[in-house]
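Colleague: Could you take a close look at one part of this model for me, the pocket, and then tell me what sits around it?

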Amino acid sequence: MGRVEELQQQTVWKSDPHTQVKHLVYRHYLQCWMAKILQKFPEATIVDCFAGPGIYSDGLAGSPIVVARTFLEHSANEKFSRLNLICLEERADRVEELRRQVAKLPRSPKLNIQVLPPGTFAEQQPRLSALAHRPRPNVPVLWLIDPFRLKSAPFSLIRQCMAGPRDEVLFTLFTNELHRFCEREHFDKAMTPYFGGDHWRAAVAGDRRARTRKEAFSAAYQDGLKALGLFSSDFGVEISSQSARYHLILATHSEAGLKCWAPMAWKLDSYSGEGASADSLDALTLFGEEAVESRLDAALRNYAGTEQRWETLSSQAARLNYMDKHLRKSLSDLASKGLAFRVSPVDARSAWPEGCTVRFYAPQDLVDEAS
Ligand SMILES: C[S@@+](CC[C@H](N)C(=O)[O-])C[C@H]1O[C@@H](n2cnc3c(N)ncnc32)[C@H](O)[C@@H]1O
């Protein structure tokens with residue numbers, strides 16, 4: 001049986017390396033998200049909108065079980081507040097299997113799992129939204145949106161999922177399909193609702209090489225999110241040396257939301273912090289120092305002639321998918337060249353403490369005018 005028939009006909013199907021990477025992204029992100037959110041707010045919700053059967057035929061756990069286990073096995077679980085996990089799946093046989101898998105989990109009074117009757121995301125989104133936000137006003141909600149097909153998750157629905165002030169979406173963007181089919185006749189009928197506008201056309205008109213164009217689609221999608229005033233970041237899930245099969249996109253209302261994304265990206269792809277190759281999972285390397293320096297350094301050099309607060313620099317780093325430790329290293333490199341100075345506090349135990357203010361200079365500022 002081919003892959004497509006397997007996905008259509010079987011209740012459970014075999015996992016693949018991309019699924020492994022996707023779940024690693026979920027796990028790393030959730031580890032951080034739970035530690036931050038469930039120790040700050042009295043309650044939070046995760047909605048798995050395309051939940052699947054909760055298990056793969058080769059034994060890999062499905063996404064709802066990954067979420068539940070990340071919660072139950074988290075080292076800070078004792079300090080956590082309550083987590084509501086709401087699962088939606090279209091097919092009755094998969095809902096039944098998911099209920100079986102959920103029933104096998106250890107019970108916890110702080111983890112409330114609700115597997116809804118079979119239903120589609122488009123029809124059920126308003127109900128999911130009401131359920132997710134019911135516990136209390138402004139409850140943080142993380143939406144996992146991982147469909148099989150483009151048309152199941154149009155941009156209008158993603159926008160609805162982001163309606164609450166603490167809603168976040170983790171979305172699977174089909175960059176490979178977009179790249180392969182974007183020049184087919186009538187495909188624009190699918191693209192425009194998927195992107196919520198025709199800004200995707202710039203990616204089609206640009207460089208046609210696979211990697212570049214897939215990244216352009218991801219950037220275009222994020223432009224749509226930015227137009228709504230949201231912050232976003234992406235992560236390409238790749239096989240071997242090929243370009244990404246899909247991109248995982250995080251959309252969030254707060255820059256603080258990106259703070260959990262960069263550490264995940266760096267852990268999974270220590271070279272660039274932008275994507276993971278499925279076959280490099282067992283061989284994660286140490287940081288590629290040149291890659292760490294270049295993009296962030298370039299952004300910091302643009303501050304020449306100004307003074308910046310730590311919060312601004314840290315946000316800038318997060319937007320570029322870097323962590324505070326990378327920022328500190330880049331600042332130290334600039335400082336060693338005389339291009340960055342901490343102006344306050346005057347006394348500090350470390351070079352770049354949180355809350356510090358940094359003044360930046362350009363290389364030409366160092367030229368001795370008398371020479
Ligand atoms: C990519 S799989 C989800 C895999 C799961 N998130 C995981 O990582 O283990 C997509 C699932 O969504 C279901 N599905 C397809 N269309 C749907 C829709 N419109 N609404 C809800 N579920 C749907 C499929 O039956 C399938 O089980």
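Modeller: Sure. Keep in mind that this is a predicted model. The largest pocket has a volume of about 1,100 Å³. Its lining comes to 43 residues, and nearest the centre you'll find Leu7, Pro147, Phe148, Arg149 and Phe174. Sorted by type, the lining of the largest pocket has 17 nonpolar residues, 13 polar ones and 13 charged ones. As for the helices, at least two lining residues each come from helix 1 (3-9), helix 2 (17-37), helix 5 (121-133) and helix 7 (175-181).

Helix 2 is worth following further. The largest nonpolar core counts 46 residues, and the ones with the most contacts inside it are Trp33, Met34, Ile46, Leu83, Phe235 and Trp261. Helix 2 is the top contributor to this core, giving 9 residues. That fits a general habit: in soluble globular proteins, nonpolar side chains tend to be buried together.

Zoom in on Met34 and, once you skip its neighbours within four places in sequence, it is in contact with Ile46, Val67, Phe71, Phe80 and Leu83, but also with Gln39, Thr70 and His74. Apart from the largest core there's another one, of 42 residues, with Phe181, Tyr194, Ala203 and Ala251 among them.

One last spot, for a polar touch: Ser315, which you'll find in helix 14 (residues 310-319). Ser315 has a relative accessible area of 17%, so it counts as buried, the cut-off being under 20%. Its side chain makes a polar contact with the side chain of Glu255, at 2.6 Å.

How values were computed. Residues are numbered from 1 along each chain as its sequence is written. This is a predicted model: local features need pLDDT of at least 70, side-chain atom pairs count only at pLDDT 80 or more; totals for chains, interfaces and linings use all residues. Side-chain values use heavy atoms; hydrogens and water are left out. On a 1 Å grid over the protein atoms alone, a cavity is a set of points where a 1.4 Å probe fits but cannot get out, and a pocket is an open set with protein on both sides within 12 Å along at least five of seven lines; lining residues have an atom within 4 Å of a point. Grid points are joined across faces, edges and corners, and a volume is the space filled by probe spheres set on the points. Helices (H or I, at least four residues) and strands (E, at least two) are DSSP runs, numbered from the N terminus. Ala, Val, Leu, Ile, Met, Phe, Trp, Tyr, Cys and Pro count as nonpolar, Asp, Glu, Lys and Arg as charged, and the others, Gly among them, as polar. A nonpolar core is a set of buried Ala, Val, Leu, Ile, Met, Phe, Trp, Tyr and Cys residues joined through side-chain atoms within 4.5 Å. Buried means under 20% relative accessible area, exposed over 50%, partly exposed in between (1.4 Å probe, protein chains only). Contact means heavy atoms within 4.5 Å. A polar contact is a pair of N or O atoms within 3.5 Å; within protein, one must be able to donate a hydrogen and the other to accept it, and residues adjacent in sequence count only if both atoms are side-chain atoms.
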